[in-house]
Amino acid sequence: MRRVAIAGTGSYLPKKVLSNHDLEKLVDTTNEWILTRTGISERRIASDKEATSDLCAEAAKCALDSAGLSSADIGLIVVATITPDMPFPSTACLVQQAIGAEAAFCMDLEAACSGFIYALETARLYVASGHVNNALVIGGETLSRATDWHDRSTCVLFGDGAGAVVVRRAVRGMGIMACSMGSDGRLWDLLKIPAGGSRMPATHETVEARLHTIKMEGREVFKHAVKCMTDACVSALNKAGLNKEDIAWIIPHQANRRIISAIAERLEFPMEKVYVNLDRVGNMSGASVPVALDELVRSGKVNSGDRLLFVAFGGGFTWGATVIEWE
Ligand code: ACO
């Protein structure tokens, strides 16, 4: 098996900013409640003309640029999303058309907020086995389209955006060193969009009851998120044969600042080395980790040889952590 590395990163955020003060006008909430309970100040909202594939295509172009590759070099596109443009065709096929990556085969992957970790590992295996040389892995969401704007306990949390990476054979160093993933389908009911699938197809009643939006048992999700993300970090570090002291940055899924701090505390890992951007972008589900990674890389704070630890948790439940050595 070949070693596989991230060769470039990109991201795209829609222009429109929705602040906590804007939300005070929509639901019974306050800037102070949102900030203290979540750490979020504002989030981005896609325009009426933008769907998930549009955000993903912009992030993909940016990642291709940074990798010094063209769309013709791409053999595989995997899009991690819970807000595809439509049930089918896949959002990945729409991205393929938008960027002109005609040589690629394309698919979506659904693992909620852990989607990017799952998609990266999937692409790694295709590149490692020699099935393709270069792959685009994208996490993209327009969660604003799946948000119940009457439910103050969820509508303050989510944002829209996309992040992308190009993966290819490692040139120097280890590249992707280890990945640990898990799921627990017994807990599917705690975080979901109930309607719009084959179990509860769309009807006037389901639309009126807003069953096509995200429903969440926040406290339960919180508890499991802290435990599963902490355990996933330990498991990925063990698989990589590394200690937490070897890690330059943890890049976690950006659901809640309190979840992130609790994980850092349990791992006894300094918060200064945990990248947090949720104050500006909120929870972007599968887009959280790749957008955060792109910001961190572009800020110049990631050096060649640095070990990074990505970790995420989401509906399903699903979770995963990946250790990489940066080229
Ligand atoms: N403004 C003001 N009050 C609010 C708001 C709001 N926006 N939302 C809830 N409240 C109230 C509740 O009604 C409740 O009032 P009560 O005590 O009178 O009943 C009180 O605040 C406390 O509510 P909790 O839900 O217990 O608040 P909590 O501290 O748990 O914070 C939150 C809620 C932020 C959702 C937290 O539970 C959380 O972050 N959960 C995890 C989310 C997550 O990790 N998601 C990951 C995956 S997301 C995905 O996969 C798409």
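This is a stop-by-stop tour of a predicted model, with a selection to make at each stop.

Residues are numbered from 1 along each chain as its sequence is written. In this predicted model, local features need pLDDT of at least 70, side-chain atom pairs count only at pLDDT 80 or more, totals for chains, interfaces and linings use all residues, and side-chain values use heavy atoms, with hydrogens and water left out.

**Stop 1: the two domains**

Colour 4-169 as domain 1 and 176-325 as domain 2. These bounds come from an automatic or database domain assignment. The C-alpha centres of the two domains lie 14 Å apart. Their contact (heavy atoms within 4.5 Å) takes 46 residues from domain 1 and 47 residues from domain 2.

The size of an interface is often given as the accessible area lost when the parts come together. Here domain 1 and domain 2 bury about 3,700 Å² between them. Buried area is the accessible area (1.4 Å probe) that two parts lose on being put together, summed over both. Carbon and sulfur atoms carry 63% of it.

Now select Cys113, Ile117 and Tyr118. These residues supply 17% of the area that domain 1 buries against domain 2, more than any other three residues.

**Stop 2: the largest pocket**

Select Leu191, Lys192, Ile214, Met216 and Val221. Of the 50 residues lining the largest pocket, these lie nearest its centre. A pocket is an open set of points on a 1 Å grid over the protein atoms alone, with protein on both sides within 12 Å along at least five of seven lines; a cavity is a set of points where a 1.4 Å probe fits but cannot get out; lining residues have an atom within 4 Å of a point.

The volume of this pocket is about 1,300 Å³. Volume here is the space filled by probe spheres set on the points, which are joined across faces, edges and corners.

Next, show helix H8 (218-240). H8 gives the largest share of the lining, five residues. Helices (H or I, at least four residues) and strands (E, at least two) are DSSP runs, numbered from the N terminus. Other elements that supply at least two lining residues include helix H2 (31-38), strand E5 (105-109) and strand E12 (307-314).

Colour the lining by type: 24 residues are nonpolar, 17 polar and nine charged. Ala, Val, Leu, Ile, Met, Phe, Trp, Tyr, Cys and Pro count as nonpolar, Asp, Glu, Lys and Arg as charged, and the others, Gly among them, as polar. Domain 1 and domain 2 each give at least three residues to this lining.

**Stop 3: the second largest pocket**

Move to Ile82, Thr83, Pro84, Met86 and Pro87. The second largest pocket has a volume of about 420 Å³. Among its 16 lining residues, those five are the closest to its centre. The lining holds eight nonpolar, six polar and two charged residues. Again, each domain provides at least three of them.

**Stop 4: a cis bond, then helix H4**

Step along to Phe88 and Pro89. The peptide bond between them is cis, with omega near 5°. Pro89 sits in the loop between E4 and H4.

Continue into helix H4 (residues 91-99). Its buried residues are Thr91, Ala92, Leu94, Val95, Gln96 and Ile99. Buried means under 20% relative accessible area, exposed over 50%, and partly exposed in between (1.4 Å probe, protein chains only). Their cover includes helix H3 (52-67), strand E4 (76-80), E5 and strand E6 (134-142). After H4 comes Gly100, with a positive phi near 70°.

Pick out Ser53 in helix H3. Ser53 counts as buried because its relative accessibility is 7%. Leaving aside residues up to four places away in sequence, Ser53 touches Asp85, Thr91, Leu94 and Val95.

**Stop 5: the cavity**

Select Ile250, Pro252, Ile260, Ile263, Ala264, Leu267 and Val274, the lining of the largest cavity. The structure holds one cavity of 30 Å³ or more. The largest has a volume of about 40 Å³. Helix H9 gives four lining residues, the largest share. The lining has seven nonpolar residues, no polar and no charged.

Just past H9, find Glu268, in the loop leading to helix H10 (278-281). Glu268 has a positive phi of about 55° although it is not a glycine. Its relative accessibility is 63%, so Glu268 counts as exposed.

**Stop 6: Gly175**

Finish at Gly175 in strand E8 (residues 175-183). Gly175 is buried, at 2% relative accessibility. Ile324 is 149 residues away in sequence, yet 5.4 Å away in space, C-alpha to C-alpha.
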